[in-house]
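Here is a walk through one model, written for someone who would rather look at side chains than read tables. Have the viewer open as you go.

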Amino acid sequence: RARQALAQLGHADVDPNARVSGLAPGTQQIIEIARALVTFTALADTTPGKPASGGPAESGGLAGSRNSGGGGGVIVLDEPTSSLALADVERLFAVVRRLKAQGHAIIYISHFLEEVLRIADRYLVLRDGRHVGGGSVAGATPRHLVDLMVGTRLQELYPRSPRRAGAVVLELADVAGRHKPHHATLTLHRGQVLGLAGLVGAGRTELLRAIFGLDPVRCGKVRIAGYTGAAVPRRRMRQGVGFLSEDRKAEGLAIGRSLEENLTLARLPLFLSPARQATAAGRWIGKLAIKCSSPGQRVMDLSGGNQQKVALARLLHQNADILLLDEPTRGVDVGAKAQIYRLIDELATGGRAVLMVSSYLPELLGVCDQIAVMSRGVLGPARPVDQWNEASLLLEATGKGAP
């Protein structure tokens with residue numbers, strides 16, 4: 001059953017005996033969806049009315065149930081594509097359409113509005129736990145949905161202030177990691193946002209981890225400001241480099257600890273002074289509009305968007321000059337995304353340098369000054385954002401771009 005479900009999602013190559021903890025976040029999400037398909041299929045073979053065991057409450061959760069009359073079932077997909085590549089999204093949509101044609105009902109929860117408009121018949125918008133609008137998808141527009149989600153008319157989702165590229169602060173020359181990347185050369189300037197596009201597994205995350213010292217550099221040159229050579233994360237932090245992990249729950253945050261502890265851990269002397277720690281935490285909570293009951297609240301009790309803001313605030317408190325952001329808006333709502341985009345724009349305008357990985361192409365096109373594409377472990381040249389569109393980025397990512 002596991003192999004059949006994985007094959008439906010285009011991942012027959014995944015070993016059903018593999019430990020999930022050792023898989024990449026995108027593959028873990030495929031496992032969650034496949035598990036729900038197995039569960040839903042099993043329900044059809046059992047007594048109607050038996051409840052299904054679903055996935056977690058967010059980030060890829062999916063649950064199913066059969067009604068007691070033996071008719072169509074109900075399937076709930078909660079952010080099922082937050083870590084998926086586009087090809088995986090298309091396979092999931094094919095499965096959803098097949099289930100719908102069989103008479104099943106699907107509730108599809110997503111922050112990707114273009115997905116909702118493609119796959120849904122009707123929409124419903126929740127804001128702060130309340131129903132604020134809904135209707136037929138046929139008459140809906142992305143702008144209308146965004147305004148409902150944010151609560152005010154959002155003038156610009158991707159703010160872009162005038163930026164001027166300054167001195168080079170990060171330079172890679174023929175860098176290769178233990179497994180990936182195979183080859184990466186790039187130059188990042190102060191006051192610039194450089195985006196890295198590519199398919200899941202192309203080596204983008206591995207490149208950021210190698211720069212920050214989390215993964216080994218097998219060959220090539222890494223130069224940060226006046227420093228050359230590989231280094232451990234502690235030294236990179238002293239050199240002004242900050243890293244935002246794509247997996248905030250597993251390694252990006254200490255989710256069982258408080259906001260103030262998470263925000264100030266990067267600067268230990270302050271962490272040892274409770275009064276200064278509380279003052280600093282309060283300042284960042286206000287600046288990033290983090291919704292919480294108090295600085296002492298546990299991070300695990302916050303929404304995904306507010307958790308992500310805590311992770312970003314820690315980098316700012318660290319006073320990082322070069323920010324390595326891996327999927328900075330994964331699993332957050334449109335309102336939180338707009339705030340993060342505004343923050344990135346402010347950082348670049350203020351002279352910080354941002355190297356940003358994202359699988360969401362509209363985000364890269366809206367936020368970045370230049371974009372480079374990683375394909376099969378090889379990083380292509382960075383080009384100005386106005387020379388790219390979604391189609392050209394996809395072609396380059398799949399290795400089918402112009403030579």
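How many residues apart in helix α3 are aspartate 88 and arginine 91? They are three residues apart, so about one helical turn separates them in α3, which covers residues 86–101. Keep in mind throughout that this is a predicted model.

## Salt bridges around helix α3

That spacing goes with a salt bridge: aspartate 88 pairs with arginine 91, and their closest N and O atoms are 2.8 Å apart. The two partners differ in cover. Aspartate 88 counts as buried because its relative accessibility is 11%, under the 20% cut-off. Arginine 91, with 31% relative accessibility, counts as partly exposed.

Helix α3 has another salt bridge to look at, this one between the side chains of glutamate 90 and arginine 118, with an N to O distance of 2.8 Å. Glutamate 90 sits in α3 and arginine 118 in helix α4 (residues 113–119), so this pair ties together parts that are 28 residues apart in sequence. Glutamate 90 is partly exposed at 38% relative accessibility, and arginine 118 is partly exposed too, at 44%.

## Salt bridges elsewhere

Searching the whole structure turns up 15 salt bridges. Some of them join into a network, made up of Arg160, Arg163, Asp345 and Asp369.

Another one to click on is glutamate 327 with arginine 330, where the closest N and O atoms are 3.5 Å apart. Are these two buried or exposed? Glutamate 327 is buried, with a relative accessible area of 6%, and arginine 330 also counts as buried, at 11% relative accessibility.

## The antiparallel sheet

Now for the strands. Four of them make an open sheet in the order β7-β6-β9-β10, with antiparallel pairing. β7 and β10 (227–228) are the edge strands, and each has a single partner, so one side of each is left without a neighbour in the sheet.

At one end, strand β6 (residues 168–177) pairs with β7 in the antiparallel sense over five bridges. The two form a hairpin with six residues between them, and leucine 172 stands opposite leucine 186 in β7. β7 itself, residues 184–189, has two unlike faces: Ala184, Leu186 and Leu188 are on the covered one, while Thr185, Thr187 and His189 are on the uncovered one. At the other end, strand β9 (residues 217–224) and β10 are antiparallel and share two bridges, with arginine 223 opposite threonine 228 in β10.

## A covered strand with parallel partners

Strand β12 (residues 322–326) makes a good contrast with β7. Which faces of β12 are covered? Both are: Ile322, Leu324 and Asp326 lie on one side, Leu323 and Leu325 on the other, and all are buried. That accounts for five of the strand's five residues.

β12 has parallel partners. Strand β11 (residues 241–244) is joined to β12 by four bridges, with phenylalanine 243 opposite leucine 324. Strand β13 (residues 353–357) pairs with β12 over five bridges, again in the parallel sense, and here leucine 324 stands opposite leucine 355.

## Two cores and a surface patch

In soluble globular proteins, nonpolar side chains tend to be buried together. The largest nonpolar core here has 44 residues, and Leu288, Val310, Leu325, Ile344 and Ile371 touch the most other members. Helix α13 (residues 334–349) supplies the largest share of this core, seven residues. Apart from it lies another core, of 26 residues, including Leu172, Leu188, Leu194 and Leu379.

Isoleucine 371 is worth selecting on its own. Beyond its neighbours within four places in sequence, its contacts include Leu194, Pro381, Arg383, Val385 and Trp388.

Some nonpolar side chains are on the outside, though. Val74, Ile107 and Ile109 make a nonpolar surface patch of about 220 Å². Isoleucine 107 belongs to strand β3 (residues 105–109), and is partly exposed, with a relative accessible area of 45%.

Terms used. Residues are numbered from 1 along each chain as its sequence is written. This is a predicted model: local features need pLDDT of at least 70, side-chain atom pairs count only at pLDDT 80 or more; totals for chains, interfaces and linings use all residues. Side-chain values use heavy atoms; hydrogens and water are left out. Buried means under 20% relative accessible area, exposed over 50%, partly exposed in between (1.4 Å probe, protein chains only). Two strands pair if DSSP finds at least two bridges between them. A nonpolar core is a set of buried Ala, Val, Leu, Ile, Met, Phe, Trp, Tyr and Cys residues joined through side-chain atoms within 4.5 Å. Contact means heavy atoms within 4.5 Å. Patches are made of residues with over 30% relative accessible area and no salt bridge: like charges are joined within 9 Å, nonpolar side chains (Val, Leu, Ile, Met, Phe, Trp, Tyr) within 5 Å. Accessible areas come from the Shrake-Rupley method with a 1.4 Å probe; for residues, only the protein chains shown count as cover. A salt bridge is a side-chain nitrogen of Lys or Arg within 4 Å of a carboxyl oxygen of Asp or Glu.
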